[in-house]
Structure formats: C-alpha cells, structure tokens
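Open the model in your viewer and keep the selection panel at hand. This tour goes stop by stop.

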Amino acid sequence: MIQLHAIRKVFNAGRPNEFVAVDGVDLTVDFHGATALKGPSGSGKTTLLSIVGCMARPTSGRITLQDREITSLPERFLTEIRRATFGIIFQQFNLIKGLTLLENVMIPAYPTGEQYASLKKRAMGLLDLLNLGAKAHAKVEWLSGGEAQRTAIARALINNPAILIADEPTAHLDTRLSREFMDIMRQLKQEGKTILIASHDPIVYQSPVIDRVVEMRDGRIIAAGEAP
Amino acid sequence: MNAFEKQRYILDLALSSMKRRKGKNIALVAVYTFVLFLLASVLFSADSLKREAALILQDAPEMTIQKLVAGRQDLMPTRYLDSIRQIPGVQSVEPRLWGYYYDALSGANYTLMVNKALNDHQGEILIGAGVSRRTTADGPPPRLQENDLLPFKTYDGSVLTLNVKGLLPTTSELVTADLVLLSEPDFRKIFAFGPDLSTDLILRVRNARELPTIAAKITQLHPDTRPILRQELLRTYEAVFDWRGGVIILVLAGVLFAFVILAWDKATGLSAEEKREIGILKAVGWETSDILLMKFWEGTTISLTAFFVGIVLAYLHVFVAAGVLFEPILKGWSVLYPQFRLTPTVSVYQVATLFFLTVLPYTVATIVPSWRSATIDPDAVMRG
C-alpha cells in the first residue's frame, strides 16, 4: 500500500513565477489494483505520479511505501526503490534513439550488474510477450507508435516491479492501439501488478480494467471512488 | 550484484552513446589530437635538441682558446702553445684545425675537422650521416658509402677528391651529421692555412676548479685571446634552445587557449538529446554515480584516444619527418641539411606532463555538466 499524506509540491518557490502543482493531497493506493488519476491538463496528475514514483520529492507532506516512510530518504535509496518497485511508462515513451529495442528494454537493469545472458533472456521474453520479438534488434526510431509504447512497457517490466506507473499512455495512440494498451494492463493486473495511470482519456478511466478513479483539478483531489 | 558486469554495461552504453554522436565526437577528437600533436612535437623537439647539445659538450674540451682580431675570431698562431703550456695546472694544449665548407652541389655546409688518427691516411675521410645522405638539385643521389669519392673545391679553385673510409656513429646526429674528419695535409690543401696557424687551441687542466684562474692568466699573457669554458657553452646552448622552445610555446598558448574554449563548449554544453537521455536513465533507475561513470568513460575515451594518437603523430613528426613544422625555428640558421633526424628520446616526465595538462582537465570538464544534469530530479523527463 502506498500512502500519501498532505502532499504539496511547489515549483519555483519564493519567486514571482511560483506555481503550486499539488496542494495538500491525501491518497491511499492499494496493491494489486488499477487506479486512474483523471483530470484536465495542469491538474497535477503528472506531478503526483512523479512523487509516487520517487522521481520527485514533495515540498511538504509524507509518503509511505508499505508502511516505510520514504519521503526523507537520500537520493541513492530513492533510486533503489524506484528501480526495484516501480516500472514507469512515459507519455512520450522516452526510448533512447540509436539503440535497439532489446538494449532499451535492458537499460533499467544495467545498474544491477545482472549477468548478460539471463538479462537478455528475460528481455527477449518480455518482447516476445508483447509481440516484438522479431524486432528485438531493430533501432527504436523505426517503430510505429504502438510498437514504441509496447517497448516502453517491456522496459518498465524488466526489473519485475510491483507497481506500474503510466503517464497519459494513450495520448499518442489511436483508439485501437489505446484499447490494445488497456488489454495489456488487464493482463498485467491479473498477474498481480499494481497499476497507476494518469489520463484524461475516457478509454482509460472508463475501462473495466480500472478499479478506482481519482479526479484532480488545480492540484487537489476533487473526487475519488470506485470505477463505474 | 556483479560489479564487473555493471562496469561493462556502463562502458558499453558510453561507447554506443559516443557512436550515436559521431560528428561531434570525431570533430572533438580531431581538434584535441591536433593540439596534443603540436604540444608534444614542441616538447619532443626541444628536449631532444637539448640532449643533443649536451652530448656535443660531453666530449668538449674544458677550455677552448680563440684568437680575436677586431672582435672577430681569427686564426690562432701555434707559437702561443708553448707559453700557455707553461702555466701551472695546465695538463695539455693542442691546436685544433677545423672549418666550415660549403658544398655547392648539395647546398649544405659541412664541418671539416682534422683527426690526428687520419694523418697517416692522407686522402681518406670519415663522414657523418647527414653528409652521407646529402641531396642535390637533381634529387637525392645514392647515399655515400665506404670507398665512394667526395670531391672538394680547394681555396685556389682546384678539386681535391677524397675517399670515404667510413661513416661516423650516429649516437647524436647533431654532433656528427655534418662532420667530415680528414687528415691535416688534406685540410691545409682545401683551406689556405699556413703551417704555423690553427683554428683554435684546446686545453685540459688537472683541476677543474683552477679553470677561471688559468683563463685569467691566458688573457694576461695573450690579451688578443678569448678562453671559452665548457660551462659557458652549455649555458649558451640551453639558453638558445629554451628561448626557441619558448617562442613556440607562446604561439601554442594561443592554440591551447582556443582548444580550451572549444573543449569547454563541446564538452560542457550537453545537447538537449544528451540531457534527455540522462533524464531517462535516472527515471528508469540509474543512480547519479552511474551516469557520471558513463560520462567519465566517454570523456576518458575521447581524451585518451586523442592523447595517444597525438603523441604517436608527434613522435613521427619529430623523429621520422625531422620536425618539418618547427625546423626553421628550433634548429636555427646553421643547420642547412635537407634532412636532419633527431635521435628519438621520449621521457616519462614529458608524457606525464602532457597527460596531466590535457587528459585530466578535459575529463573533469565533461563530468561537471553531466553532474549538473544528473542531479536534477528525474521527473523533468516526465514533462517531455
């Protein structure tokens, strides 16, 4: 279980362009379920995801991961938690150009120093699972939008994280590919992964895969409840 | 966790990252190599020349006595010998016969010197490597070998042909390159030297500490002479080489400064793509130290490549191509040989100096901006 307590995130604090992205959010995310953060652009979804995924620190407030307070941990420990616990799928996919699909998928595991043979085998297994095995040695810039996203999913799964975080995952996909993405999420949820998605796409937050929808506006949660 | 495997992954990604930015990195290595080549060339040339000069003086007499007329060197009358020999502390005084000979065929100056050992072998000469590989207007003729003939034009216009008996050893080319050793009768045939004249006198003493006293006595005895001590020659040589080296280093300082600006700009100015990659790596679980290590490998690869290529090119330039770029400045007017090769000598001290002046600063320069990029929160990548 992830618990957020009175989380506040302020950018450019004390300057004329100060901006409050998240303003006093309390949220509990249960494991083994799928939660959608819904809201318009600028509502604070992405910032909240960054904080949950240990990619940014809140200006104030506390975060606990399975009852362990992680807000004040040094960067090194936060990185370890991020690597071991979270798999992140970015809106822009953020694959590294010039590298192959296989290399992109393996990159998050490099700092672990895992043996090459076993790492490659696991990466190939994920690419096969997402129907990308045949293109494993192709450069990522040659991929279609759907393929790039499936590669990003494989990369998010390489360290076998408990929680998958996705930020606007369908923003660059057409309807068919968006549904395909939600189907993959369904399979991963069945396997026991916890899924946290920020999106303002109805295909996502109205999907039967989603157990709970948290609605945000102006950095605050305005509604949270079971998905219809 | 396998630390070796981790290093391998990071190095692998660093190399692939460099490959992806071929243009930038090739340009950087090229400029870096060029600067190192110039710096190393100057260091190698100046040091080798100094070493050659030291070799010349190693066997030089403790004191040379010249006769001066109107402030210019004149021929030394051999009658001075007896009076100088009488000075207490003098071990031996000998007349020396030597001079410069301009060979119109090859356009080079030779140093002709009498060697007592050849006095019984009139008509025979020993030559230095530079004389052996002389060139003519029609290009280089075959190298002079033993038993080849070398013609000399004498002072009255006649030709004296001498037989090459052998080549002088090439421990130091500066010492022997232009040297022709010959017998006294042949020398006097080429130059109009009277039998009671020599070029200068060389003097040996029993106790080196008495040299200044003996020199003072000589000038007292023969006010028209100038005694030159070996130490004075050494100082002059060093001053000349240091000055010449200094001129080149001054010019190079400009090049070096331009390089520093370029390196700083290229190395420190991370492109948007590089910043994005650092953000991605952090977001997917890389630590700041892993990213710095990757950037360290990138910087080290570039600087070590440039370092070794630059040094090898400088070595070839100075010791194989005879330092064609700096020859006119470093060697001065007196060396007119079309080819002159320095004896290859490279000291660990020189290489280490170059390493610490170039490789270390560059590597640090590449890490600093990466450190700045790598320490920001990885959530920047979430915002595209």
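Is strand 7 (residues 163–167) of chain A mostly covered or mostly bare? Select strand 7 of chain A: it is mostly covered, with 4 of its 5 residues buried. Buried means that 20 or more other C-beta atoms lie within 10 Å of a residue's own; exposed means 12 or fewer, partly exposed lies in between, and C-beta atoms are placed from the backbone. Helices (H or I, at least four residues) and strands (E, at least two) are DSSP runs, numbered from the N terminus.

Before moving on, note that this is a predicted model: local features need pLDDT of at least 70, side-chain atom pairs count only at pLDDT 80 or more, and totals for chains, interfaces and linings use all residues. Residues are numbered from 1 along each chain as its sequence is written, while chains are lettered from A and ligands numbered from 1 in the order in which they are written.

**Stop 1: the partners of strand 7, chain A**

Add strand 6 (86–89) of chain A. Strand 6 and strand 7 of chain A pair in the parallel sense over 4 bridges. Two strands pair if DSSP finds at least two bridges between them. Label A:I88 and find A:I165 opposite, in strand 7 of chain A. Now add strand 8 (residues 194–198) of chain A, which runs parallel to strand 7 of chain A and is joined to it by 5 bridges. Here A:D167 has A:A198 of strand 8 as its bridge partner.

**Stop 2: an open sheet in chain A**

Select strands 2, 1, 4 and 5 of chain A. These 4 strands form an open sheet in the order 2-1-4-5, with antiparallel pairing. Strand 2 (19–29) and strand 5 (68–69) of chain A are at the edges with a single partner strand each, so one side of each has no neighbour in the sheet. Strand 4 (residues 60–65) of chain A meets strand 5 of chain A over 2 bridges, in the antiparallel sense. Zoom to A:T64, which stands opposite A:E69 in strand 5 of chain A.

**Stop 3: two positive phi angles**

Most residues other than glycine have a negative phi, and most peptide bonds are trans. Select A:A6 in strand 1 (residues 2–11) of chain A. A:A6 is not a glycine, yet its phi is positive, about 50°. A:A6 has 12 C-beta neighbours inside 10 Å and counts as exposed. Next, jump to A:N94, in the loop between strand 6 and helix 3 (101–106) of chain A. A:N94 also has a positive phi, about 55°, although it is not a glycine. A:N94 is buried, with 22 other C-beta atoms within 10 Å.

**Stop 4: the cores**

A nonpolar core is a set of buried Ala, Val, Leu, Ile, Met, Phe, Trp, Tyr and Cys residues joined through C-beta atoms within 7 Å. The largest one has 80 residues, and those with the most contacts inside it are A:V105, A:M106, A:L127 and A:A154. Helix 5 (residues 145–157) of chain A gives this core its largest share, 6 residues. Center on A:M106. Leaving aside neighbours within four places in sequence, A:M106 is in contact (C-beta atoms, placed from the backbone, within 7 Å) with A:L119, A:K120, A:A123 and A:I158. Another core lies apart, with 22 residues, including B:Y32, B:V35, B:F37 and B:I248.

**Stop 5: helix 1 of chain B**

Switch to helix 1 (residues 3–20) of chain B, which has 18 residues. Which of its residues are buried? They are B:Y9, B:I10, B:L13 and B:S17. Seen down the axis of helix 1 of chain B, they fall within an arc of 95°, so they line one face; the arc is that of the directions from the helix axis to the C-beta atoms. These buried residues pack against helix 10 (288–320) of chain B. On the other side of helix 1, B:F4 and B:K19 are exposed.

**Stop 6: where the chains meet**

Show both chains. 27 residues of chain B are in contact with 29 residues of chain A. On the chain B side, helix 1, helix 9 (272–283) and helix 10 each give two or more residues. Helix 1 of chain B supplies the largest share, 8 residues.

Definitions and conventions:
Expected span 1.5 Å × (residues − 1). Contact = placed C-beta atoms within 7 Å.
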